[in-house]
Amino acid sequence: MRFDKLPRSFYLRPTLAVARELLGKRLVRRYRNTRLIGIIVETEAYCAGDPASHSFRGQTLRNEVMFWKGGHLYVYFTYGMHFCANVVTGERGIGEAVLIRAVEPVTGIATMKKNRSARPRDPVSGNLTNGPAKFCQAFSIGRAQNGSDLLGDRIYLTEGDEITRSHILSSGRIGIRSGLDKQWRFYLDGNPFVSRGKAPAP
DNA sequence: TGGACGATCCCCT
DNA sequence: GGGGATCGTCCAT
C-alpha cells in the first residue's frame, strides 16, 4: 500500500510537531460502503496550560476524550449546530489535541456535496471542507465519532505526499478570545482549501 | 435552576 | 462587515 496508516507513535509526540506534520496527511473515513478521503491543509494546536483549550479548566464529561491517549478523535458540539474534530496527542491524561480546520477533498466528493447540501445554496467543491464544521458535515463526523480510535478501520490517517517545510505557514488561531499571542495555526501556503477564517492580527 | 457563551457558518446590507 | 441561528455545557446563584 502506498499510503500507510499512521502508527500510534506519530500521535505520542509534542502537539505542535503533530499539528505541523499533520499537514499533507490523508484522512480516510469509511462511510456507507464508500470511502471519503481528504488531505489535511489546515490545523490548530491546543496545548496543556493554554487558556484557549477546552482542557484548560480540567477534565469534564464533555472534554474527556481530549485526555485519552494520543491517536483518538475528540469531536465536540458548538454554537448549537456545529461539530468540530480534533486529533488527540500525547500520553493519557495530558489533555492536548489538534483541531482539523480544513482538508482538500480527494475521494468521495459527490458524497461530501450531498452531506453538505442540507444548506440551500449548492455547495461547490471549494466550499465543502474549508472550515472545521464544514469538514465535519461533509465527512459526516458527529457525536457518534467522538472517541474513535484512529488506528481502527472506520476513521484513520495515512501518510501523504511529502510537504516541503517552506510551504507551511503559521498564524494566530481563529475564533478564540485568549491565547491570541500563540502562532499555533498551521496551513499550506496558497492552498485554495484553507479556510477563509479571519486570523487575529499579529 | 438560570444564564452566559462558544475552537462556526451563512445570509443580508 | 455585521448579526442571527441554536443548544449543550459549565459555573454561579
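A polar contact here is a pair of N or O atoms within 3.5 Å; for pairs within protein, one atom must be able to donate a hydrogen and the other to accept it, and residues adjacent in sequence count only if both atoms are side-chain atoms. The model is predicted, and local features need pLDDT of at least 70 while side-chain atom pairs count only at pLDDT 80 or more, whereas totals for chains, interfaces and linings use all residues. Residues are numbered from 1 along each chain as its sequence is written, chains are lettered from A and ligands numbered from 1 in the order in which they are written, and side-chain values use heavy atoms, with hydrogens and water left out.

**View 1. Protein surface around DNA strand B.** Of the 23 residues around DNA strand B (a residue is near a strand if one of its heavy atoms lies within 4 Å of it), those that come nearest are His54, Tyr76, His82, Asn86 and Ala133. Among the atoms of DNA strand B within 4 Å of the protein, 55% belong to sugar and phosphate. Histidine 54 places a polar side-chain atom 2.7 Å from a phosphate oxygen of DNA strand B. Two residues reach phosphate oxygens of this strand through polar backbone atoms, namely alanine 133 at 3.0 Å and proline 132 at 3.3 Å. At least two residues of this surface come from each of β4, β5 and α4, where helices (H or I, at least four residues) and strands (E, at least two) are DSSP runs numbered from the N terminus. By class, the surface near DNA strand B comprises 11 nonpolar, six polar and six charged residues; Ala, Val, Leu, Ile, Met, Phe, Trp, Tyr, Cys and Pro count as nonpolar, Asp, Glu, Lys and Arg as charged, and the others, Gly among them, as polar.

**View 2. Protein surface around DNA strand C, with tyrosine 79.** The residues surrounding DNA strand C are Arg57, Thr60, Arg62, Phe77, Tyr79, Gly80 and Met81, and they divide into three nonpolar, two polar and two charged. Sugar or phosphate supplies 68% of the atoms of DNA strand C within 4 Å of the protein, the rest belonging to bases. Tyrosine 79 has a backbone N or O atom 2.6 Å from a base oxygen of this strand. Located in the loop between β3 (73-78) and β4 (82-89), tyrosine 79 has a positive phi near 55° although it is a residue other than glycine. Most residues other than glycine have a negative phi. With a relative accessible area of 67%, tyrosine 79 is exposed (exposed means over 50%, buried under 20% and partly exposed in between, with a 1.4 Å probe and protein chains only).

**View 3. The loop at arginine 32.** Arginine 32 is found between β1 (26-31) and β2 (34-46), and its phi is positive, about 50°, although the residue is not a glycine. The relative accessible area of arginine 32 is 64%, so the residue is classed as exposed.

**View 4. The largest pocket.** The largest pocket contains about 830 Å³ of space. A pocket, on a 1 Å grid over the protein atoms alone, is an open set of points where a 1.4 Å probe fits, with protein on both sides within 12 Å along at least five of seven lines, and lining residues have an atom within 4 Å of a point; points are joined across faces, edges and corners, and the volume is the space filled by probe spheres set on them. Tyr76, Thr78, Tyr79, Cys84 and Pro132 are the closest to the pocket centre among its 33 lining residues. Two or more lining residues come from each of β2, β3, β4, β5 (96-107) and α4 (132-138), and α4 gives the largest share, five residues. The lining divides into 16 nonpolar, 10 polar and seven charged residues.

**View 5. The second largest pocket.** This pocket holds about 210 Å³ of space. Its lining is made up of Arg20, Glu21, Leu23, Gly24, Lys25, Glu159, Gly160, Asp161, Glu162, Ile163, Arg165 and Ile168, of which seven are charged, three nonpolar and two polar.

**View 6. The two sides of helix α3.** Within α3 (residues 109-116), the buried residues include Met112, Asn115 and Arg116. These residues cover an arc of only 95° around the axis, which puts them on the same side of α3; the arc is taken from the directions from the helix axis to the C-beta atoms. Ala110 and Lys114 are exposed on the other side of α3, lysine 114 at 66% relative accessibility. The C-alpha atom of lysine 114 is 19 Å from that of glutamine 145, which is 31 residues away along the chain.

**View 7. Valine 75 in strand β3.** Valine 75 is placed in β3 and counts as buried, with 6% relative accessibility. Proline 105 is 30 residues from valine 75 in sequence, and their C-alpha atoms are 20 Å apart in space.
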